Amino acid sequence: MRPLTTAMSGAFRASTMNPTYRLASKNMVLGSTRHFATQAPKKGGSKLLLATLLGVGAVAGLTFNQTKATVRPALDQAKAEAKPETTQFNAPDFTPLKLVSVQKISHDTSVFRFALPENQNAGLPVASCVIARHQVEGDKPIIRPYTPISYEDNIDHLDFVIKRYSTGKMTPIIHDMKPGDTLEFKGPIPKYDWEKDQKTNVGMIAGGTGITPMLQVIHRVFHEKSTDKKTKITLLFANVSENDILMKEELDKYAREHPDRFKVVYAVDKAPEGWTGVEGYITADVIKSHFPSPEDKDSIIMVCGPPPMVASMAGPKKGMKQGELSGILKELGYTEENVFKF
């Protein structure tokens, strides 16, 4: 997989220039392979998440993914017609954004909408994240990365899907916020550069809130003004239970509207009676049944979720690098050139 861009490294260094905000890289200790959206992080997990930030660069049939096509740049017309000439995330400093609404989408996860200045869009490339900072006078700041799910050309607001962890430092603060409260943001931190490295066939493996960067790409490809009419996406989305599946209504809507180009397969640990998706782990057989083959040179497999899941699928990330490819995807014959770990 290609190395991190200079822009990403520069953005991260800028966001952490103050020694107070320097992040310490720690060795990843993998627990069980299966940790999805409903598992709270272990003690020290917040530091691990900060270390993981260093690495951000962050489903249905086999025949479905075999068609080849040239992908044209999308949203050119939308960008040309966009009224705002300024974007929010191009300043060197943290800036406060006001919370305008909270929409609960599961028992522990909500969509938080923050207002952007009038006639501004976020200006975030696909796919990228931003850094949120909470500062209490006299205490060290709490800094965490979050991936917006709103469309890149949205004007006046930015949406985040955030799960509450009772033992976390930042998520309880965010979940306790009320409309009118503010939180500081800075970015962007680039991940996968879709504009420069578009693919015809995309396989996605997501666990829990790992759906967020996938939604960025999905929104980009299927935007109403997109000129890209060929890219095909298959999403394998793993969660603990059916009630934990985030953004299911939106994903199902994409599948109905683009049946020949988008398919989603849900996997849950605890399947209800009559469940038609995958029960249990995402296995090699599941991947082989739905994803483009390793020989497809115009394809990419994207993986995002809790570190143990990413490690099981594609091997752990290593600091600022993708890390060596291992796990199920390597066993199936995929290479570092067509696997990306958020």
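## Starting at the parallel strands

S9 and S10, the latter spanning residues 278-279, run parallel to each other and are held together by 2 bridges. At this pairing, Val 268 faces Glu 279, which sits in S10. Before going further, keep in mind that this is a predicted model.

Now look to S8, residues 232-241. S8 also runs parallel to S9 (residues 262-270), and 8 bridges connect the two. To find a spot where they meet, go to Asn 239, whose bridge partner in S9 is Val 268. So what do S8 and S9 form together with helix H6? The answer is a right-handed β-α-β unit, with H6 covering residues 248-257.

## The whole sheet

Let's step back to see where these strands belong. They are part of an open sheet of 6 strands, paired in parallel, and its order reads S10-S9-S8-S7-S11-S12. Which strands stand at the edges? Those are S10 and S12 (339-341), and each has a single partner strand, so one side of each has no neighbour in the sheet. A general point helps here: strands of a sheet pair through hydrogen bonds of the backbone, in either a parallel or an antiparallel way.

## Helices across the strands

Two helices are worth tracing over this sheet. Helix H5, made of residues 211-222, lies across S7 (201-207), S8, S9 and S11 (299-304). Its direction makes an angle of about 150 degrees with S7. Helix H8 takes in residues 307-314 and lies across S7, S11 and S12. For H8 the angle is given against S11, and it is about 150 degrees.

A third helix to look at is H7, residues 284-290, which is where you'll find Val 286. Is Val 286 buried or exposed? Its relative accessible area is 14%, so Val 286 counts as buried. Which residues does Val 286 touch, once neighbours within four places in sequence are set aside? They are Leu 236 and Val 278. With Leu 236, the separation is 50 residues in sequence, while the C-alpha atoms are 8.7 Å apart in space.

## Strand S6 and its partners

Over to another group of strands, with S6 (residues 182-190) as our guide. Of the 9 residues in S6, 7 are buried, so the strand is largely enclosed by the rest of the structure. Strand S1, residues 95-104, runs antiparallel to S6, and 4 bridges join them. One place to see this is Leu 97, which has Leu 183 in S6 as its bridge partner.

S3 is also paired with S6 in the antiparallel sense, this time over 5 bridges. Here Ser 128 is the residue that stands opposite Pro 190 in S6. As a rule for reading any such strand, side chains in a regular strand alternate between the two faces of the sheet.

## Backbone details to look for

S6 also holds Pro 188, and the peptide bond leading to Pro 188 from Gly 187 is cis, with omega near 5 degrees. There is another cis peptide bond between Val 126 and Ala 127, where omega is about 0 degrees. Ala 127 belongs to the loop that links S2 (109-115) with S3 (128-134).

That loop between S2 and S3 also contains Asn 119. Although Asn 119 is not a glycine, its phi is positive, at about 60 degrees. Asn 119 is partly exposed, and its relative accessible area is 47%. Asp 156 has a positive phi too, near 85 degrees, and is likewise a residue other than glycine. Look for Asp 156 in the loop between S4 (142-146) and S5 (157-163). With a relative accessible area of 32%, Asp 156 is partly exposed.

## A space inside

Finally, there's a cavity to find. The largest cavity holds about 130 Å³ of space, and 14 residues line it. Which of them lie nearest its centre? Those are Leu 124, Val 126, Ser 150, Tyr 151 and Glu 152. Val 126 is a residue we've already met, at the cis bond to Ala 127. Helix H5 turns up again too: with 3 residues, H5 gives the most to the lining of this cavity.

Note on methods: Residues are numbered from 1 along each chain as its sequence is written. This is a predicted model: local features need pLDDT of at least 70, side-chain atom pairs count only at pLDDT 80 or more; totals for chains, interfaces and linings use all residues. Side-chain values use heavy atoms; hydrogens and water are left out. Two strands pair if DSSP finds at least two bridges between them. A crossover is right-handed if, with the strands pointing away from the viewer, the path from the first strand over the helix to the second runs clockwise. Buried means under 20% relative accessible area, exposed over 50%, partly exposed in between (1.4 Å probe, protein chains only). Contact means heavy atoms within 4.5 Å. Axes are lines fitted to C-alpha atoms, for helices over the stretch in contact, and angles run from 0 to 180 degrees between N-to-C directions. On a 1 Å grid over the protein atoms alone, a cavity is a set of points where a 1.4 Å probe fits but cannot get out, and a pocket is an open set with protein on both sides within 12 Å along at least five of seven lines; lining residues have an atom within 4 Å of a point. Grid points are joined across faces, edges and corners, and a volume is the space filled by probe spheres set on the points.
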